[in-house]
Amino acid sequence: MAKQHVTTTVNGDQVEFLCTTEQTLLDVLRDELYLTGSKEGCASGDCGACSVMLDGRLVCACLVLGAEAEGRKVETIEGMAKGDVLHPLQQKFLEHAALQCGICTPGVLIAAKALLEKKPDPTETEVRYWLAGNLCRCTGYDKIVRAVMDAAAVMRTA
Amino acid sequence: MRSAIRRMEQSAISRHNAQIDQEEKALEMDYRTPGTASEAAALLAANDGAFVLAGGTDLLVKLRAGFVAPRIVVDLKQIPRLRGIEHDARGWRIGAATACAEIGEHAAFLAAWPGVVEGLQLIGSTQIQGRATLGGNLCNASPAADSVPALIAAGAVCEVAGEGSEREVPVECIITGPGRTSLARGEFIMGFRLPDPQPRSGDAYLRFIPRTEMDIAVVGVGVALVLDAQGLCTHARVGLGAVAPTPLLVAEAAKALIGTRVDDAALKALAAAASAACKPIDDKRGTIAYRIKVAGVLARRSAKNALDRATKK
Amino acid sequence: MNDMTTPGLANKEMKIVGTRPLRPDGVDKVTGRAKFGADIHVPNMLIGRVLRSPHAHARIQSIDTSKAQALRGVKAVITCADFGDLPSEFIPAGEMMVNFRDMTRNVMAREKVLYEGHPVAAVAAVSEAIAAQALQLIEVQYEVLPHVMDVAKAMEPDAPLLHEDMYTIGVEPKPAKPSNIAKRVEFGFGNLEDGFAKADVIVEREFATQPVHQGYIEPHACLASVSEDGQSELWCTTQGQFIVRAFCAKLLGMEVSKLRVTASEIGGGFGGKTVVYLEPLALALSRKACQPVKMVMSRIEVFRATGPTSGAKIWVKVGATKDGRITAADALLKYQAGAFQGSPVQPGAMCAFAPYDLENVRIIGFDVVVNRPKVAAYRAPGGPISEFAVESVMDEIALKIGMDPVEFRLKNAAKEGTRAPYGPKLGPIGLVQTLEAARAHPHYQVPLKKNQGRGVASGFWFNIGGETCASLNVGEDGSIALVAGTPDIGGSRASLSMMAAEELGIPLERVRPIIGDTSSLGFNFLTGGSRVTFSSGMAVVEAARDIIRQLRTRAAKLWEVSAEEVEWADGHARLLGEGNTKSLSLAELAKTAGKTGGPIIGNAAINATGAGPSLATHVVDVEVDPETGKVTILRYTAIQDAGRAIHPSYVEGQMQGGAVQGIGWALNEEYIYDDKGRLQNAGFLDYRIPVCSDVPMIDTVIVEVPNPRHPYGVRGVGETPIVPPMGAIANAVSHATGVRFTELPMSPPRVLEAIDSKH
């Protein structure tokens, strides 16, 4: 099967890959680039475990074709910490025990980061509705929401 | 003897594999990114099994589930006329492939048509908002599409492009049945036109879902209305979603408002007219009786919201 | 060996236990580095896919795989012919019973397919696309049979029969005819007739619940590699690598020691990953292809073919006196098992009335097969279903006699010494404390508005112990490598290393925990039954004490005294006796270990007993939209006895997560089948688990009534939190609307219909 050659930027690095048209950006990240931090929970855009940033917009990587990444900028969980310094959200998720199994965590973190970039001082309701597309079956969301609010507070004073 | 059988088997297998090669070629899916509308129309017209890709939030799900097997996917997002929000002498124009998140962030458009924005912002999660488009939501032709009742109520018109043609079509004339549209082969939607709202006008959209987010509408109601200086309703349009094979423009419901002060009696009449217009089905998302009743409830609540907005303008 | 009781220790001043340190696996989880089931790629790897039945019930007439086999890129095709048949025998596996005759048929259909999604064949190919194509080339001839989905219908004499050889167990004499009723169980004591005769008020109700799925976000996934000489490796997402090894070895006719199973990080399980689905198929494919085979389920497959918990029909009758004393309690439970016997009706029956101190009680239960996926454990399996019904009836009785529902429960609460309906006398338990905490909580005093209601319910779960091993390996620098054999599903590496550090008296950072594969430890029962912090914790403490004994001996050797003259305190060996100041730290002793007798390893291999039941009381406020029937959760408080909270944040997390799963169960989660028995909502779009905006913060109160049978007083906490929510919410919705709700889920159409029929 003929494959598409795609050049794109992932977490600041230029990368190239070959993909079939059917392969989604998530398939490409996981199976071609071995960036397995983005997870597949549903492949239908209903769980948010594959949340990534595409040209600065929060999207589900399972609903983007790999071929669509040509010339664009992709940001994944693997690019969130800078060197050995965790992003405040990552740090607050650990402090608040905002994860149990951790499968939804990369997607939740990417989504929460997108929120705080747009709204540095969100209300609890805003956090809850923004994250409605990120399913978590372990935590009941309580500690996730608290961690996001706390990280927002820290980032505002930073 | 034995090796003869093996040879026969092998030749059968190689014949089979040759056939598979053919099938593989047939299954190969092409991805194209035309830069102009005419190029896109030509691609769509010339190819059997051509599918339009805008935000991909419906197409990729169907693709993955094996419900569709496109031969060619035509990504419209590289065509400049399909992107962005503009205002001109005729009012507002929204490119059909503009992401809903982008529309929601447009303060002036939100102020003009808050009900339309309410509808399109209910399409899926934040993540879906980053990709989903008005053109896609309409052409997916789901009876439950959240942006459509509010667009119908607002009197939005589609710019439809085809091979060597362009025409304008009211939103309510696009969907002809679940998954079916009135677009001809090669045609696609380039943009949506909405007028500037009149003084003392307001629009609103409400939907019912079992959860607070992430569900498909069980019922959706868009209402747009205009008041005169005395507070009498002079113009109204009501769009209903998820209660019939297509989203509906309900003239009887609008009539219940026109000439009234949108008081309790008018709202009651509106609710009755909205319920009467429903031709729903029983499915995993709701029952016939439930949809009929809730359509009336939401029509009333949506009209109240529209009225509040109209009296504040 | 087993007696780990340490009276008084639970009250000892703790340095680490009870604090909230960062979890040791945390950074990997927030950076995307953690490797879950589907996150692994190996050289020469094939992709495996499963062909599944489109029918709910059909006889397999033939399977022709020749075309798939011939497709280029296909390396192996398997059907039931690749698995030997196994005899029918029941083997206890934690909270469920296992029958390998059924298991081999569930992983790959033999004579019949018994539910939509039942595997009939599997392929391994060089790519996903070719594997998918190969599935389409497999020709299966079916004789479609009538099917039955409903538990009551399945019990009727003329119902379609799933298993021609199933005769109800537990009835005398043995039935003459086979049926779909696999088993009858009965518990209780006293005299019901006398009890009901003494009652001033009797409430009798029927209830119905739907099957609900565990809904873990990570689909099942594994990677198997069988070499030409039969040495096998299996990587998979599971709650028990040793159980997977045991099951797969049996299904494939292998020696257990030839199969090494490594548990990946696990993306949620809640009981659903205690059984095997893909694992034996991947091994069989790999054995045939002599290449590694990776298999990952789609979300649709997870819903169609993996076990939810039972749907059920329940009847409950309770009598009480006007002053609030229960005189008799009777219940009948009919639980769906899915396609093969083994519903959790037994534990459901055992704990139905367990929060109460009763004189006259009876529970009868039936285990019934239907054409749905075989049920799997789900968080307190069986308990939430029966206790939903019981807690609803208790609420109604309290209402009828005009007593506060917390007061009514306090009057009848089980406590230490109460005889449980399933037989034994209970040890110390914390139900009374949770009820008192509920009554004292500010939540309980907040006034309610129109269309709002408050509900209360309590819940009981046994918790289990079981076979457990742990190793503590002392490094040359005195740091500790902790190896546990129970997959960490929600932070147990944190709690286990905290107990190790507390016991050894060293900083937590000096303990690095891992979850070992099946070759690194002796047998461990799985992560389930809320047993990990209890059992693996007990093993870790024992291993630590083993190390301390050795360290004292080493220090004694260096000081040329007897070991009895050396004590271990604050991470140091100290020479006992007035005026002695000699002291050696763990690090110092580790450095010289080569000279004092060689490496130091602490081991424990135990069968943990004495898991104490954990009880909870939940309080919830709801608002019901009278025009749409939609229920909004306004406020929620979960109160539970944790025995001793090792890491309180993760205890709270269990309580909050369980409560929200319960909210989903109560309000929206259900399976919707068409008239042909095909699932209509096999995805997260229409199988509606709670999203972030659906719920408020979940307040928690941890009550600590130490479990005397654990060195740190631990009780399991993971399962109990899903027991009370359905009853509490049903009670709240009933009070908000004035209509008693007896069917789950209380979805908007159902609630609206009930409200409308009231008028």
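Me: What follows H11(C), and what is the sign of its phi?
Reply: Helices are DSSP runs of H or I, at least four residues, and strands are runs of E, at least two, numbered from the N terminus. H11(C) is followed by C:Gly402, with a positive phi near 70 degrees. This is a predicted model: local features need pLDDT of at least 70, side-chain atom pairs count only at pLDDT 80 or more, and totals for chains, interfaces and linings use all residues. Residues are numbered from 1 along each chain as its sequence is written, while chains are lettered from A and ligands numbered from 1 in the order in which they are written.

Me: How many Å does helix H11 of chain C reach?
Reply: The expected span is 1.5 Å times one less than the number of residues. H11 (residues 383-400) has 18 residues and reaches 25 Å from first C-alpha to last, close to the expected 26 Å.

Me: How many residues of H11(C) are buried?
Reply: A residue is buried if 20 or more other C-beta atoms, placed from the backbone, lie within 10 Å of its own, exposed if 12 or fewer, and partly exposed in between. In H11(C), 16 of 18 residues are buried.

Me: Why does C:Asp102 count as buried?
Reply: Because 22 other C-beta atoms lie within 10 Å of C:Asp102. C:Asp102 sits in helix H3 (residues 100-107) of chain C. C:Gly342 is 240 residues from C:Asp102 in sequence, with 9.9 Å between their C-alpha atoms.

Me: How many residues of chain C are in contact with chain A?
Reply: Contact means C-beta atoms, placed from the backbone, within 7 Å. Here 43 residues of chain C are in contact with 45 of chain A. H18(C) gives the largest share of chain C's side, 8 residues.

How values were computed:
Contact = placed C-beta atoms within 7 Å.
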